[in-house]
Amino acid sequence: MEPPFSHAGELAALATACCWTISGLAFQTAGRRVGSLPVNLIRLVIGFFLLGAFTWATRGAPLPTDASSHTWLWLSLSGLAGFTIGDLCLFRAFVVLGARISMLLMTLVPIFTTIFGFLVMREVLTPMELAGMALTIVGVSSVVLERRRDANGLVERLPLSGILLGLGGAVGQALGLVLAKFGMGSYDAFASTQIRVLAGLIGFAVVFTATHRWPRVRAALSNRRAMASTSIGAFFGPFIGVSMSLVAVQYTEAGVAATLMALAPVLIIPVSIVFYREHVAWPAAVGAAVAVCGSALLFL
């Protein structure tokens with residue numbers, strides 16, 4: 001699909017990275033107050049209505065009723081992979097690891113996107129892309145394996161459960177992105193996002209019903225501070241951020257878009273230092289830079 005102007009897809013991917021920096025911190029704050037599961041569900045509900053209002057204003061239709069069956073199928077699968085499975089893991093990782101480390105693990109998304117891109121669309125890897133994948137893994141590993149000290153000065157290791165949750169989030173996002181590109185075609189990005197959000201909502205409704213966690217949603221709704229953070233995250237996440245990610249894959253390769261979106265960990269470091277008073281050791285900063293540089297090599 002021809003972009004409306006030069007580098008439209010790349011600029012949309014950069015906008016996505018900025019949005020995910022804000023939404024990641026907002027969801028971290030809300031998740032620590034009321035839990036990650038209620039935040040996941042509520043932000044999708046808010047996002048769904050924001051998207052409906054936007055598409056009503058821009059397309060004259062609050063719902064994507066004009067989408068083809070092909071679009072509905074693949075975007076629904078994309079929503080289940082990205083929102084229900086991927087974000088279920090990622091938002092729990094926000095609580096266990098914190099936003100900065102969780103987003104660093106998300107720098108692996110370009111690698112998983114490359115793999116799924118080959119499986120779904122038969123994209124072939126070049127030696128440069130393989131080198132970029134290896135460099136990215138080294139950069140992320142240097143952060144994941146970093147030793148931190150707790151309040152008593154004792155060595156603190158990153159919990160394995162948190163690392164696995166972060167990896168699950170990366171896999172879900174990568175698969176969701178590739179399936180979205182495959183199913184969306186030239187269809188409107190915001191309406192496509194609404195289909196993905198709807199599928200994610202259905203997936204979470206099943207999870208909440210099976211685990212009997214609806215009372216947690218009611219409790220979360222009564223927490224004003226958590227709802228304020230969730231609303232901010234929903235605006236910059238499911239509404240603007242995710243829609244921009246679909247604009248990005250419409251106008252550039254999925255791997256290129258994923259690589260630029262991986263800049264979020266670099267953007268989140270200064271925010272974590274200023275607003276959350278987190279100590280960022282130099283190996284973590286270097287690891288973040290190396291990981292993003294490696295991701296950039298994937299599609300040079």
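**View 1. Phe-49 sits out in the open, with its relative accessible area at 58%, so it counts as exposed.** On this scale, exposed means over 50% relative accessible area, buried means under 20%, and partly exposed is what falls in between (1.4 Å probe, protein chains only). Before going on: this is a predicted model, in which local features need pLDDT of at least 70 and side-chain atom pairs count only at pLDDT 80 or more, while totals for chains, interfaces and linings use all residues. Residues are numbered from 1 along each chain as its sequence is written, and side-chain values use heavy atoms, with hydrogens and water left out. Next to Phe-49 in this view is Phe-48, which counts as buried because its relative accessibility is 15%. There are eight aromatic pairs in the structure. Phe-48 and Phe-49 make up one of them, an edge-to-face pair with 5.8 Å from centre to centre and 85 degrees between the planes. For a pair, the rings of Phe, Tyr or Trp (its six-membered ring) need centres within 6.5 Å; planes under 30 degrees apart count as stacked, over 60 as edge-to-face, and the rest as tilted.

**View 2. Phe-54 and Phe-239 form another edge-to-face pair.** Their ring centres are 5.8 Å apart, and the planes make an angle of 70 degrees. Phe-54 belongs to helix H2 (residues 36-59) and Phe-239 to helix H10, so this pair ties together parts that are 185 residues apart in sequence. Helices here are DSSP runs (H or I, at least four residues), as are strands (E, at least two), and both are numbered from the N terminus. Phe-54 is partly exposed because its relative accessible area is 30%, whereas Phe-239, at 8%, counts as buried. Both rings also belong to a cluster linked by ring pairs, along with Phe-190, Phe-235 and Phe-236.

**View 3. The charged end of Arg-43 sits over the ring of Phe-27.** The distance to the centre of that ring is 5.8 Å. To qualify, NZ of Lys or CZ of Arg has to be within 6 Å of the ring centre and within 35 degrees of the ring normal.

**View 4. Two serines are tucked away in helices, Ser-192 in H8 (residues 189-211) and Ser-229 in H10 (residues 224-251).** Ser-192 has 0% relative accessibility, so it counts as buried. Leaving out residues up to four places away in sequence, Ser-192 touches Leu-75, Met-184, Tyr-187 and Leu-246; a contact means heavy atoms within 4.5 Å. Ser-229 is buried too, because its relative accessibility is 14%. With the same kind of sequence neighbours set aside, Ser-229 touches Ala-26, Thr-29 and Ala-30.

**View 5. Ala-199, in helix H8, meets a stretch of chain from much earlier in the sequence: Ser-76 is 123 residues away along the chain.** The C-alpha atoms of Ala-199 and Ser-76 are 5.1 Å apart. Not counting neighbours within four places in sequence, Ala-199 is in contact with Ser-76, Gly-79, Leu-80 and Thr-84. Its relative accessibility is 9%, so Ala-199 counts as buried.

**View 6. Helix H11 (residues 254-261) is largely enclosed by the rest of the structure, because seven of its eight residues are buried.** The buried ones are Ala-254, Gly-255, Val-256, Ala-257, Ala-258, Thr-259 and Met-261. Met-261 turns up again in the largest nonpolar core, which has 56 residues; along with Met-103, Val-197 and Val-249, it has the most contacts inside that core. Apart from that core lies another, with 15 residues, including Leu-97, Val-140, Ile-269 and Ala-288. A nonpolar core is a set of buried Ala, Val, Leu, Ile, Met, Phe, Trp, Tyr and Cys residues joined through side-chain atoms within 4.5 Å.

**View 7. His-279 sits in the loop between helix H12 (264-276) and helix H13 (282-297).** His-279 counts as exposed because its relative accessibility is 69%. Its C-alpha atom is separated by 35 Å from that of Leu-80, which is 199 residues away along the chain. For the wider setting, the protein chain has 13 helices and two strands, and buried residues make up 52% of its 300 residues.
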